[in-house]
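Notebook open, one chain to go through today. I'll start with the terms, then look things up one at a time.

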Amino acid sequence: MDWPHDPDGEEGSEGRRKYGHAVLAKKIDEEEDFPLTAAEYVEQYGDHPVRIDYETVVSVADIFEYVDQDEFEDFPDFHKCLGRALREADWWPYRLEHA
């Protein structure tokens with residue numbers, strides 16, 4: 001896929017130093033951008049790459065296909081919803097083993 005910038009460059013995952021939530025969160029200003037709608041976020045960043053792990057890169061729009069909210073009231077609300085979406089899409093690299 002042709003990305004608007006390198007997924008591992010400074011605009012992307014900062015040379016593979018930032019993944020998933022970190023890439024999504026750094027695109028918004030916690031003080032100024034809320035409330036924020038999912039549609040606004042996807043309109044602005046939908047074609048941007050998000051590195052999930054060392055071998056997987058998906059677009060912001062791909063992740064938002066799993067988002068179940070239309071609006072986020074604040075930064076924690078945004079983070080929780082995106083965490084649920086990443087887990088539902090099976091793009092959450094951290095898994096707990098149940099005994």
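Before anything else I pinned down "buried": I use it for a residue with under 20% relative accessible area, and "exposed" for one over 50%. I also keep in mind that this is a predicted model.

**Entry 1: strand E2 and its partner**

I began with strand E2, residues 49-53, and asked how many of its residues are buried. The count came out at four of five, so I wrote the strand down as mostly covered, given the under 20% cut-off. Next I looked up how E2 pairs with strand E3, residues 56-59. The two run antiparallel, and I found four bridges joining them. For one register point I took Pro 49, whose bridge partner in E3 is Ser 59. The connection from E2 to E3 is a hairpin that goes through two residues.

**Entry 2: the whole chain**

I then stepped back to the fold. I got four helices and four strands, and reading from the N terminus the order is α-β-α-β-β-α-β-α. How does the radius of gyration compare with the globule rule for 99 residues? The chain gives 13 Å, close to the rule's 13 Å, so I noted it as being as compact as a globular protein of that length. Along the principal axes, the C-alpha trace spans about 40 × 35 × 20 Å.

I checked burial over the chain as well: 43% of the 99 residues are buried. For contacts between residues at least 6 apart in sequence, I noted that 50% join residues at least 24 apart. The accessible surface comes to about 6300 Å², and carbon and sulfur atoms hold 44% of that.

Charges came next. I have 10 positive side chains against 27 negative ones, and the centres of the two sets sit 8 Å apart.

**Entry 3: Leu 24**

I picked Leu 24, which has its place in helix H1, residues 20-25. Is Leu 24 buried or exposed? Its relative accessible area is 0%, so it goes down as buried. Leaving out residues up to four places away in sequence, I listed what Leu 24 touches: Tyr 41, Val 50, Val 60, Ile 63, Phe 78 and Leu 82. Val 50 in that list took me back to E2, which covers residues 49-53. I also looked up Arg 51, 27 residues along the chain from Leu 24, and the C-alpha atoms of the pair are separated by 9.9 Å.

**Entry 4: backbone oddities**

A reminder to myself before this one: most residues other than glycine have a negative phi, and most peptide bonds are trans.

Which residues does a cis peptide bond join? I found it between Phe 34 and Pro 35, with omega about 0 degrees. Pro 35 lies in the loop between H1 and strand E1, residues 36-37.

Then I looked at phi. Glu 14 is not a glycine, yet its phi is positive, about 50 degrees. I placed Glu 14 in the segment before H1. Its relative accessibility is 18%, so Glu 14 counts as buried.

Asp 90 also shows a positive phi, near 60 degrees, and is a residue other than glycine. I located Asp 90 in the segment after helix H4, residues 75-88. Here the relative accessibility is 52%, so Asp 90 counts as exposed. My last jotting sets the two side by side: Glu 14 is buried, whereas Asp 90 is exposed.

Methods. Residues numbered from 1 in each chain as written. Predicted model: local features only at pLDDT ≥ 70, side-chain atom pairs only at ≥ 80, totals over all residues. Heavy atoms only, no water. Rg over C-alpha atoms; globule rule 2.2 N^0.38 Å. Buried < 20%, exposed > 50% of the residue type's maximum accessible area, 1.4 Å probe, protein only. Contact = heavy atoms within 4.5 Å. Areas by Shrake-Rupley, 256 points an atom, 1.4 Å probe, with all protein chains shown as cover. Lys, Arg positive; Asp, Glu negative; His and termini not counted. Charge placed at Lys NZ, Arg CZ, Asp CG, Glu CD. Pairing = 2+ DSSP bridges.
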